[in-house]
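Open the structure in your viewer and keep the selection tool handy. We will take it one selection at a time.

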Amino acid sequence: MKKIPKHNIYTAPEGYFESLTDRVFRRKKTQQQQRLIVRIAAAAVFIIGMVLFSVRQPGVNEGNFQSLYDQEVELYINSGIWDAEDVLLLAENPDELLDDIIIEEWSAYGIDEHPTEEEFPY
Amino acid sequence: MISQDDLELLELIKNPATKDKGFKMLMEKYQRRVYGIIRKIVVIHEDADDVLQNTFLKAYRNIRKFKEESSLFTWLYRIATNESLNFLEKKEKYYFLPLTDHQKVMEDYLDSSPYINGDDIQRSLQKIMLKLPEKQRLVFNLKYYEELSYEEISQITDTSIGALKASYHHAVKKIENHIKTEGIQGL
């Protein structure tokens, strides 16, 4: 080991050390700017995320959705894919719907669905 | 432990009005020695430049954490060696470049770079040293080339003196064996 030379074989380009401090301070400035940009971008992403989240809350576009749904049901009925029985089967309250239809039809003929005793001719 | 010159530098750096000026003076004082140890670990000048700049930026940001229990130079060496080893580790981890391949890149650099000023024997010796594990190579460089004491190396590497002595001993044996097997003339 005593024969192993201790001479440093690594050299730097001419003028390297003279400009090093300036380059380090330039890099410091660049890193500070990059950190600032990252923070602004993170804040922007957070704000956009919050806005999107609040816009997509249920109830905001309920009116549009119901309108589209009604249009689609009408299309199915008009094109003959669904008939009256299908619609009644799909409905949540078929008995109420039938009652409403009967009242509507009977009222057209001037007949009360539940006549009182006095109204009966006997 | 800490020299009067370094204390004066630290006074300048601790004052916000003179921080940049003080730090530039610190850099001018230590840049060549810190570059030297980084370069011995990462070999390639461009890599050493990158690691050196990051070392000083880290020192700038953390200078308030310096406890004055060790010398400023030991503290800078500690940052520099950590940065250098992390740099080599990242080469393997993030650039999908196996360390053995990077070792080949460093070996080739020793033969081809204009920033290498040594004869065939010296270049061959550096190539042998590249075969050592990174930390063993670091200990060998700090002890043999930088001529630091085991106490100083212990502070820099955060390793016990016993472990350092063992590591240095193993490194010397491996280098001697390589010199014998590769038959390097002149050694």
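The stops below go from a whole chain to single residues and then on to the other chain. Keep in mind throughout that this is a predicted model.

**Stop 1: chain B as a whole**

Select chain B and show it as a cartoon. You will find nine helices and zero strands, so the pattern along the sequence reads α-α-α-α-α-α-α-α-α. How does the radius of gyration of chain B compare with the globule rule for 187 residues? It comes to 18 Å, close to the 16 Å that the rule gives, so chain B is as compact as a globular protein of that length. Along the principal axes, the C-alpha atoms of chain B fill a box of roughly 60 × 35 × 30 Å.

Now colour chain B by burial, if your viewer allows it. Buried residues account for 27% of the 187 residues. Among the contacts in chain B with a separation of 6 or more, 58% join residues 24 or more positions apart.

**Stop 2: the start of chain B**

Next, pick Ile2(B), in the segment before α1 (4-14) of chain B. Is Ile2(B) buried, partly exposed or exposed? It has 18 C-beta neighbours inside 10 Å and therefore counts as partly exposed, since a buried residue needs 20 or more.

Show what surrounds this residue. Leaving out residues up to four places away in sequence, Ile2(B) touches Leu7(B), Glu68(B), Ser71(B) and Leu72(B). Try a distance label on one of these pairs: Ile2(B) and Leu72(B) are 70 residues apart along the chain, yet their C-alpha atoms are separated by 7.0 Å.

**Stop 3: helix α8 of chain B**

Move on to residues 150-157 of chain B, which form helix α8, and highlight its buried residues Ile153(B), Ile156(B) and Thr157(B). Why do they sit on the same side of α8(B)? They cover an arc of only 80° around the axis, and that puts them on one side together.

To see what covers these buried residues, add α4 (72-93), α7 (134-145) and α9 (161-182) of chain B, which are among the covering elements. Then step just past the helix: α8(B) is followed by Asp158(B), which has a positive phi, near 60°.

**Stop 4: chain A and the contact**

Finally, bring chain A into view. Its domain assignment gives domain 1 (12-57) and domain 2 (63-109), and the C-alpha centres of these two domains of chain A lie 61 Å apart.

End at the contact between the chains, which takes 19 residues from chain A and 26 residues from chain B. Coloured by class, the side of chain A that touches chain B shows 10 nonpolar, four polar and five charged residues.

Conventions
Residues are numbered from 1 along each chain as its sequence is written. Chains are lettered from A and ligands numbered from 1 in the order in which they are written. This is a predicted model: local features need pLDDT of at least 70, side-chain atom pairs count only at pLDDT 80 or more; totals for chains, interfaces and linings use all residues. Two residues are in contact if their C-beta atoms, placed from the backbone, lie within 7 Å. Ala, Val, Leu, Ile, Met, Phe, Trp, Tyr, Cys and Pro count as nonpolar, Asp, Glu, Lys and Arg as charged, and the others, Gly among them, as polar. Helices (H or I, at least four residues) and strands (E, at least two) are DSSP runs, numbered from the N terminus. A residue is buried if 20 or more other C-beta atoms lie within 10 Å of its own, exposed if 12 or fewer, and partly exposed in between; C-beta atoms are placed from the backbone. The arc is that of the directions from the helix axis to the C-beta atoms. Domain bounds come from an automatic or database domain assignment. The radius of gyration is taken over C-alpha atoms; the globule rule is 2.2 Å times the number of residues to the power 0.38.
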